[in-house]
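This report walks through one chain, from its annotated spans to its cores and loops. Keep the sequence and the 3D view open while reading.

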Amino acid sequence: MFGTLSYNKQKMIIIVSFLTIPLLLLATFTYYPALKLIYYSFTNWDGYSPEKPWVGLANYREVFSNPDIFKVFTHNFAYFAMGIVQNIVAIYFAVVLNSKLKGKNAFRILLFLPYIMNGVAVAFMFGYVFDTTNGSLNMFLNSIGLTGLGQTSWLGTEGLVNYSLASTGFWRFMGYNMVIYIASLQAIPNDIYEASKIDGAGPFQTLWRITLPNMKPVIQLNLFLTVTGALEVFDLPFVLTKGGPAGASETYVQKVVDTAFAYNNYGLASAMSIILLFFVVIVLLVQQLVLSRGGDK
């Protein structure tokens with residue numbers, strides 16, 4: 001059969017054949033559920049009833065008019081702030097461990113290891129770290145004489161709980177970002193650094209004028225992942241605090257899950273998910289607009 005077809009037609013058939021199954025899987029497990037989610041956001045479905053009463057934009061109005069829903073976004077700010085610090089520290093370690101340092105591979109492995117650990121296991125482990133009475137953090141603070149801080153309830157104080165949880169994410173994901181930045185550094189031609197040395201550029205000038213500008217696309221990617229990750233935090237507060245104390249650590253995704261599975265309001269939860277998706281898109285567009293200024297046209 002193929003012998004009677006032209007080369008271009010044969011190539012097109014092969015390409016379509018290889019793409020059919022991935023596209024079918026993508027449509028089945030991504031696009032179809034997404035369309036159903038949009039449909040459910042306009043209904044008052046309880047999750048199990050065959051009836052799905054149409055309510056139009058009522059769920060979206062509820063999200064924007066209910067302060068109990070939108071205020072949880074303020075809890076995500078701690079994760080965003082800690083994520084920015086995490087990227088700065090990751091760039092620092094990437095620059096250091098990309099130099100001619102003895103044992104740098106061992107340090108890379110040690111810093112990357114937390115990322116491969118299970119998220120729930122990490123949460124349980126830090127539950128013992130932050131324990132008020134027998135936690136290793138308070139025991140360490142007491143041992144060095146900081147007895148005032150050594151009695152702190154890290155997961156029970158409203159002003160500290162989100163930053164305590166975010167520091168767990170910092171510990172887990174910093175090594176991953178560091179590896180990404182190391183790969184970016186290794187893609188920079190050495191000729192540029194040699195030319196800068198000849199021109200008399202110091203270490204700070206080299207970092208600011210050569211290293212960071214050449215890492216800009218990767219920094220943009222990691223910042224986008226940091227912001228979206230901060231908006232989508234779920235596992236840490238769910239495992240460690242259940243949203244407490246008094247809802248001070250409840251995140252937006254936790255609110256969505258509780259709305260769907262605890263209160264059986266799948267319509268409202270679907271609308272909240274769609275709004276989160278739009279927020280992520282808006283963040284991406286704003287980030288691209290801000291970070292692309294001054295770049296190549």
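Helices here are DSSP runs of H or I with at least four residues, and strands are E runs of at least two, numbered from the N terminus. The model is predicted. Over residues 76-287 the chain is 73% helix and 0% strand. The C-alpha atoms at the two ends of that span are 18 Å apart. UniProt, in an unreviewed entry, lists residues 76-287 as "domain: ABC transmembrane type-1".

## Annotated spans

The unreviewed UniProt entry also carries the annotation "transmembrane region" for residues 12-32, 77-97, 109-130 and 266-291. Two of these spans are compared with the domain below.

| Span | Helix | Strand | End-to-end C-alpha distance |
|---|---|---|---|
| Residues 12-32 | 100% | 0% | 26 Å |
| Residues 109-130 | 68% | 0% | 25 Å |
| Residues 76-287 | 73% | 0% | 18 Å |

## A helix pair

Helix 4 covers residues 77-97, and helix 8 covers residues 158-186. Their axes come within 7 Å and cross at roughly 35 degrees. The crossing of helix 4 and helix 8 is right-handed. Which residue classes make up the contact of helix 4 with helix 8? It has 22 nonpolar residues, six polar ones and no charged ones.

## The largest core

The largest nonpolar core holds 20 residues. Those with the most contacts inside it are Val63, Ile69, Leu231, Tyr252, Met272 and Leu276. Four elements give two or more residues to this core: helix 2 (58-65), helix 11 (216-231), helix 13 (252-262) and helix 14 (266-291). Helix 14 supplies the largest share, eight residues. Another core lies apart from this one, with 17 residues. Among them are Trp154, Val161, Leu165 and Leu240.

Back in the largest core, Leu231 is a good place to look. Setting aside residues up to four places away in sequence, Leu231 touches Phe73, Asn76, Tyr252, Val253, Leu276, Val280 and Val283.

Val253 sits in helix 13. Is Val253 buried or exposed? It counts as buried because its relative accessibility is 17%, and the cut-off for buried is under 20%. Beyond residues up to four places away in sequence, Val253 touches Leu231, Glu232, Val233, Phe234 and Leu276. Val253 and Phe238 are 15 residues apart in sequence, and their C-alpha atoms are 9.9 Å apart in space.

Gly229 is found in helix 11. With a relative accessible area of 32%, Gly229 is partly exposed. Gly229 and Met117 are 112 residues apart in sequence, and 17 Å separates their C-alpha atoms.

## Helix 13 and its packing

The buried residues of helix 13 are Tyr252, Val253, Gln254, Lys255, Val256, Thr259 and Ala260. Where do they pack? The buried residues of helix 13 meet helix 2, helix 3 (67-70), helix 11, helix 12 and helix 14.

## Helix 12

Helix 12 spans residues 235-240 and includes Leu236. Leu236 counts as buried, because its relative accessibility is 10%. Leu236 touches Ala123, Leu165, Thr168, Gly169 and Thr241, not counting residues up to four places away in sequence. Leu236 and Gly169 are 67 residues apart along the chain, yet their C-alpha atoms are separated by 8.2 Å.

## Loops around helix 13

The loop between helix 12 and helix 13 contains Lys242 and Pro245. What is the peptide bond from Gly244 to Pro245, cis or trans? It is cis, with omega near -5 degrees.

Lys242 is not a glycine, but it has a positive phi of about 55 degrees. Lys242 counts as exposed, because its relative accessibility is 59%.

Asn264 lies in the loop between helix 13 and helix 14, just after helix 13. Asn264 also has a positive phi of about 55 degrees, although it is not a glycine. Its relative accessible area is 33%, so Asn264 is partly exposed.

Definitions and conventions: Residues numbered from 1 in each chain as written. Predicted model: local features only at pLDDT ≥ 70, side-chain atom pairs only at ≥ 80, totals over all residues. Heavy atoms only, no water. UniProt positions renumbered as here; feature names shortened; annotations may be inferred. Core = buried A, V, L, I, M, F, W, Y, C linked by side-chain atoms within 4.5 Å. Buried < 20%, exposed > 50% of the residue type's maximum accessible area, 1.4 Å probe, protein only. Contact = heavy atoms within 4.5 Å. Axes fitted to C-alpha atoms, helices over the stretch in contact; angles between N-to-C directions. Left-handed = near helix turned anticlockwise from the far one by under 90°. Nonpolar A, V, L, I, M, F, W, Y, C, P; charged D, E, K, R; others polar.
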